Structures are given as structure tokens and as C-alpha cells.
Amino acid sequence: MSDVKNTTSSENENPYVVEEINGKLKLFSDGSIIRYLRSINPTPKLPLDDAKYPTISPFDFEYDPTHNLYLRVYRDEFRLYTPYVDGPFGNPTIIIYLHGGGFCLDSLIMAANHNFCIRLCNALAEFVISVDYRLAPDDRLPAAVDDVWTALKWVRETFCEGENRKGFGRVVIFGDSAGGNIAHNLAVRIASGGWRELDPIRVVGYVLLAPLFGGGATVQGLSRSYKVLETSHTNWRDN
């Protein structure tokens with residue numbers, strides 16, 4: 001299954017491919033987009049790790065009905081019911097995982113992302129929450145940053161408010177590649193006063209794994225695929 005978004009159409013025009021990224025995304029001359037990433041397991045050669053970690057339970061929740069966005073919550077049953085466990089970030093802790101993909105590819109359902117979150121939850125925290133966000137060029141930045149901000153508010157409402165809440169106020173934001181860029185922008189927003197909107201959440205740490213940063217000017221040595229991404233995203237402030 002693929003995601004297709006038509007932005008313009010013409011009965012008298014045969015659309016042709018304008019840009020393509022590794023066969024995973026095609027941008028056509030009429031503005032339509034084909035993105036191959038939304039199947040149940042887009043990388044079938046990479047097995048899922050669920051059976052290896054039976055105490056880890058994943059659950060999907062829609063956190064933004066307007067944009068049909070989901071997040072996946074990984075819960076470690078053993079840690080939840082073992083009071084003496086104290087993880088490296090403090091106890092209890094939620095890790096927010098933001099996948100990579102150059103802002104235009106990938107998803108929380110990809111096998112590599114799913115397996116990584118299972119292992120991360122098994123090793124470090126009671127909960128790991130993997131967040132999907134809108135992708136370019138359909139939705140240019142800062143849409144992805146805004147989406148993760150909305151997800152953080154969902155975490156606050158779900159884990160940190162009302163009666164019978166365990167009080168998961170400690171959060172670590174883990175961003176991989178493009179997700180690292182998003183984590184950086186979240187840090188700036190939080191430090192600039194945004195923390196008031198998230199209270200009682202306290203972001204106690206950031207992990208940026210090979211974060212993707214770029215500018216408006218082309219740097220010598222950039223691959224063609226990166227230049228395609230650069231064209232799609234560097235002028236987002238004007239949109």
C-alpha cells in the first residue's frame with residue numbers, strides 16, 4: 001500500500017516524475033506524490049523483535065485526529081510492576097522517540113524503528129513513545145515540529161494529569177537523524193518558554209543520534225538525494 005496525495009490535476013497532461021528518492025518517494029510534475037512506506041511491514045526481510053521481548057507491549061493511539069497522526073506506546077510490564085527498578089534517567093521515565101527519514105520518509109511502523117523502540121524500552125524505561133509526524137513535501141516544516149509538540153501535549157494529558165496517574169513527568173527526547181533536528185527545535189521552543197504549556201512534564205534530557213541539519217546554501221560534496229531534500233525543506237519559513 002502507498003500514500004498518494006494529489007495537489008493539482010489536469011486531464012490534458014500526462015504527469016512525469018520530477019524527483020525520486022531511492023524508489024521510496026516520487027514527486028510528479030502535476031504535484032502528486034507517491035510514497036512507499038505505509039505497509040504493515042515495509043521491510044519484510046527484517047524480522048520483528050516482539051517475540052524476543054515478551055514483557056514489552058506496544059499499543060497505537062491517535063494523538064491528532066485532524067491530521068490522522070498516531071503514536072506507538074511501548075510499555076515494559078516488568079518495570080511497571082518492579083518497584084526497585086531505577087533506570088539511568090530516573091524512575092519513572094518516558095522516552096519520546098522521533099524517527100529519521102530526511103523529513104520526507106519513514107514511519108513508526110518500519111521494522112527497524114519498531115525493533116529499536118522495543119530494545120530501548122527493554123533497556124532503559126517503563127515507556128517508550130514513538131511518534132509519527134507529517135512528512136514533506138506534502139507538509140513542509142515546521143509541520144513535523146508542531147506535530148511532535150502536539151504529541152507531547154497528548155503525553156501530558158495521558159500520563160501526567162487527573163487522578164490515578166502515576167506521575168510520569170520525566171521525559172527524555174530521543175531523535176534519530178531528521179528526528180534529531182526536530183528534537184533540537186523542541187529544545188529551543190521549550191527553553192523559550194514553551195515549557196509552561198507542557199507542565200508538569202519536565203524534559204530532563206535530549207539524545208540526538210546523527211542529527212540532520214542543513215542550510216539554504218548547497219555545500220560541496222552533498223549527495224543528490226540530500227539536495228532534493230534541501231530543496232523541499234529549506235524555505236519552510238516562507239510557507
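# Reasoning from a predicted model

In β9, Gly-175 is the bridge partner of Leu-98. The model discussed here is predicted.

Q: What makes β7 and β9 a pair of strands?
A: Two strands pair if there are at least two bridges between them. Strand β7 (residues 94-98) and strand β9 (residues 170-176) have five bridges. They therefore count as a pair. The pairing is in the parallel sense.

Q: Which sheet holds these strands, and in what order do its strands run?
A: An open sheet of six strands holds them. The order is β5-β6-β8-β7-β9-β10, and the pairing is mixed.

Q: Why do β5 and β10 stand at the edges?
A: Each has a single partner strand, so one side of each has no neighbour in the sheet. Strand β10 covers residues 202-209. On average, neighbouring strands of this sheet are turned by 20° against each other, direction ignored.

Q: How do you know that helices α2 and α3 pack on the sheet, and which strands do they touch?
A: Contact means heavy atoms within 4.5 Å. Helix α2 (residues 111-124) touches β5, β6, β7, β8 and β9. Its direction makes about 35° with that of β6. Helix α3 (residues 143-159) also touches β5, β6, β7, β8 and β9. The direction of α3 makes about 115° with that of β5.

Q: Why does Asp-64 have no salt bridge?
A: A salt bridge needs a side-chain nitrogen of Lys or Arg within 4 Å of a carboxyl oxygen of Asp or Glu. For Asp-64, the nearest side chain of opposite charge is Arg-134, 5.6 Å away. That is outside the cut-off, so no salt bridge is counted.

Q: Is Asp-64 buried or exposed, and where is it found?
A: Asp-64 is buried. It is found in strand β5 (residues 56-64). Not counting residues up to four places away in sequence, Asp-64 touches Leu-69 and Asp-147.

Q: What makes a set of residues a nonpolar core, and which residues have the most contacts inside the largest one?
A: The members are buried nonpolar residues such as Ile and Phe, joined through side-chain atoms within 4.5 Å. The largest nonpolar core has 35 residues. Ile-96 and Phe-159 have the most contacts inside it. Helix α3 gives the largest share of this core, nine residues.

Q: Which residues does Ile-96 touch?
A: Leaving out residues up to four places away in sequence, its contacts include Ile-129, Leu-152, Val-155 and Phe-174.

Technical notes:
Residues numbered from 1 in each chain as written. Predicted model: local features only at pLDDT ≥ 70, side-chain atom pairs only at ≥ 80, totals over all residues. Heavy atoms only, no water. Helix = DSSP H or I, 4+ residues; strand = E, 2+ residues; numbered from the N terminus. Buried < 20%, exposed > 50% of the residue type's maximum accessible area, 1.4 Å probe, protein only. Lys, Arg positive; Asp, Glu negative; His and termini not counted. Axes fitted to C-alpha atoms, helices over the stretch in contact; angles between N-to-C directions.
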